[in-house]
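Please look over the sequence and the structure shown below before reading on. The paragraphs that follow walk through the chains one after the other and then turn to what joins them.

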Amino acid sequence: MNNPPDVSQDPKEYEEYAHNVQKHVRGYLMVGALLLAFTAITVALSYVDFGARKANVAVAMFVATLKAGLVAAIFMHLAAEKRLIYRILIFTGFFVFGLFWLIFLAWYDYPVFH
Amino acid sequence: MEIPYTVSTRPDTGLWNAKVGIWLFLASEVMLFGGLFSAYIFLRLDAPPGMWPHGLLNVPVGTMNTAILIMSSVTVVLAWAALKMRRYRAYWWYMLATILCGVIFLTVKLVYEWPQKFDHFGAYIKPEALGNYEQYLGNEHAAAKGLPPRLEITGHLHNRAALNDPNIKDYEVALDPVNADPINPAMDRPHFFYMPPTDKIAKIEKEDVQYATMFLPKHSAYFASYFTITGLHGMHVLGGVLVFIYMWLPVSKKLYQRNPEHLANRVEVAGLFWHFVDLIWIFVFPLFYLL
């Protein structure tokens, strides 16, 4: 889903523009409904026994990532954004990955309960 | 001094300035919460069996708060779209709805959820004394079912003075359902609905207790990370609400009349922050309430 374009200064084009934003509004409402549905699904799935707790964690995190992706792509307009923003986010992703990676390295240094 | 590029785009970035600013800020926020989440993962993976509590939070209330935050994310994006369509009244109402959602979220946290924790008691039993409390812990049953051992007795502390008075030799606890009826298979897994402490009272000798406290951050690594992360998240919600209130007050209508696109951009930037706060909660909710 693309974002609404910037408002035109030309009043003749304005009506068409307002109509265009109106179309996006419907999309936002649908995404909101989807997010609520996913929340219900997360809660329901947490009471299903997938055999191991790790499996339950994986399922819950998968659904949460889907929800986060929807919020980021549609509400935060990341589905269609300028290149500079993506560049900032690539850096962020790299460093966050490093942060979590360090945690796992530290964890393997302490072979206590695993 | 006029701040440049609040509405028009800067040629080299292709963006108006505040948008670059908010994304740089959000990048730093990702690192802030990333540090806390990685601490959570580390603490949780290293928790000895039975030392990471499950089912202590109120799931329906947490679900409701999740839904409220999602709805506020929708209303803030609708407020922005309304401004883009130059419908100030619609904007005003959507903004009010967003502010109310944020206030309800915080109220539920501060008036209900946290105080209920502060009022709940837990006592970790010394390993050698676990057998004395088998009727409350049901560890034989748990072992037969392959469940983690139960090391803690929780509920409502009747003699609160016992926490500080060394002359009181035991804790009188109105037991939580899981400790009142530990071998009931219905207690093997956490329940969706909150079950208040029962009328069944247990006396727990202080001598047998390794560590006893209310559900405060010092109770466990679980509650320490719970209060830290939900507290920091709550402060973000508060910050967002304050900014939204400013944008909703008449002072912002003046900006709207002068340059509606400027206000729309402000709302978009504040909205980006708000969606990020929502996004954090999307992970907090399952990690602390459900898993």
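What percentage of the 114 residues of chain A count as buried? The share is 16%, where a residue is called buried if 20 or more other C-beta atoms lie within 10 Å of its own, exposed if 12 or fewer, and partly exposed in between, the C-beta atoms being placed from the backbone. This is a predicted model, in which local features need pLDDT of at least 70 and side-chain atom pairs count only at pLDDT 80 or more, whereas totals for chains, interfaces and linings use all residues. Residues are numbered from 1 along each chain as its sequence is written, while chains are lettered from A and ligands numbered from 1 in the order in which they are written.

Chain A contains 3 helices and 0 strands, where helices (H or I, at least four residues) and strands (E, at least two) are DSSP runs numbered from the N terminus. The order of its elements from the N terminus is accordingly written α-α-α. Among the contacts in chain A with a separation of 6 or more, 46% are made by residues 24 or more positions apart; two residues are in contact if their C-beta atoms, placed from the backbone, lie within 7 Å.

Two residues of chain A can be followed in detail. L45(A) belongs to helix 1 of chain A and, with 16 other C-beta atoms within 10 Å, is partly exposed. Leaving aside residues up to four places away in sequence, L45(A) touches V59(A), A60(A) and V63(A). For the pair L45(A) and V63(A), 18 residues apart in sequence, the distance from C-alpha to C-alpha is 9.7 Å. H77(A), in turn, sits in the loop between helix 2 and helix 3 of chain A, and although it is not a glycine it has a positive phi of about 60°. Most residues other than glycine have a negative phi. H77(A) is buried, because 23 other C-beta atoms lie within 10 Å.

Chain B has 9 helices and 5 strands, which follow one another from the N terminus as α-α-α-β-α-α-β-β-α-β-β-α-α-α. Of its 291 residues, 37% are buried, and residues 24 or more positions apart account for 71% of the contacts in chain B with a separation of 6 or more. The C-alpha trace of chain B spans about 75 × 35 × 35 Å along its principal axes. Its radius of gyration is 24 Å, against a value near 19 Å for a compact globule of 291 residues; this radius is taken over C-alpha atoms, and the globule rule is 2.2 Å times the number of residues to the power 0.38.

The domain assignment of chain B gives domain 1 (17-47 + 54-118 + 220-290) and domain 2 (125-214), with bounds that come from an automatic or database domain assignment. The centres of domain 1 of chain B and domain 2 of chain B, taken over C-alpha atoms, are 36 Å apart. Each side gives 6 residues to the contact, domain 1 of chain B and domain 2 of chain B alike.

Within chain B, helix 3 (residues 88-118) has 31 residues and reaches 44 Å from its first C-alpha to its last, close to the 45 Å expected at 1.5 Å a residue, the expected span being 1.5 Å times one less than the number of residues. The buried residues of helix 3 of chain B include Y91(B), Y94(B), M95(B) and T98(B). An α-helix has 3.6 residues a turn, so residues three or four places apart point the same way. The cover over the buried residues of helix 3 of chain B includes helix 2 (59-84) and helix 7 (221-248) of chain B. For helix 7 of chain B, the buried residues include Y222(B), F223(B) and W248(B), and their cover includes helix 1 (17-45), helix 3, helix 8 (250-258) and helix 9 (260-290) of chain B.

Finally, how many residues of chain A are in contact with chain B? There are 42 of them, facing 41 residues of chain B. Helix 1 (11-46), helix 2 (53-75) and helix 3 (83-108) of chain A each supply at least two residues of this side, and the largest share, 13 residues, comes from helix 1 of chain A.
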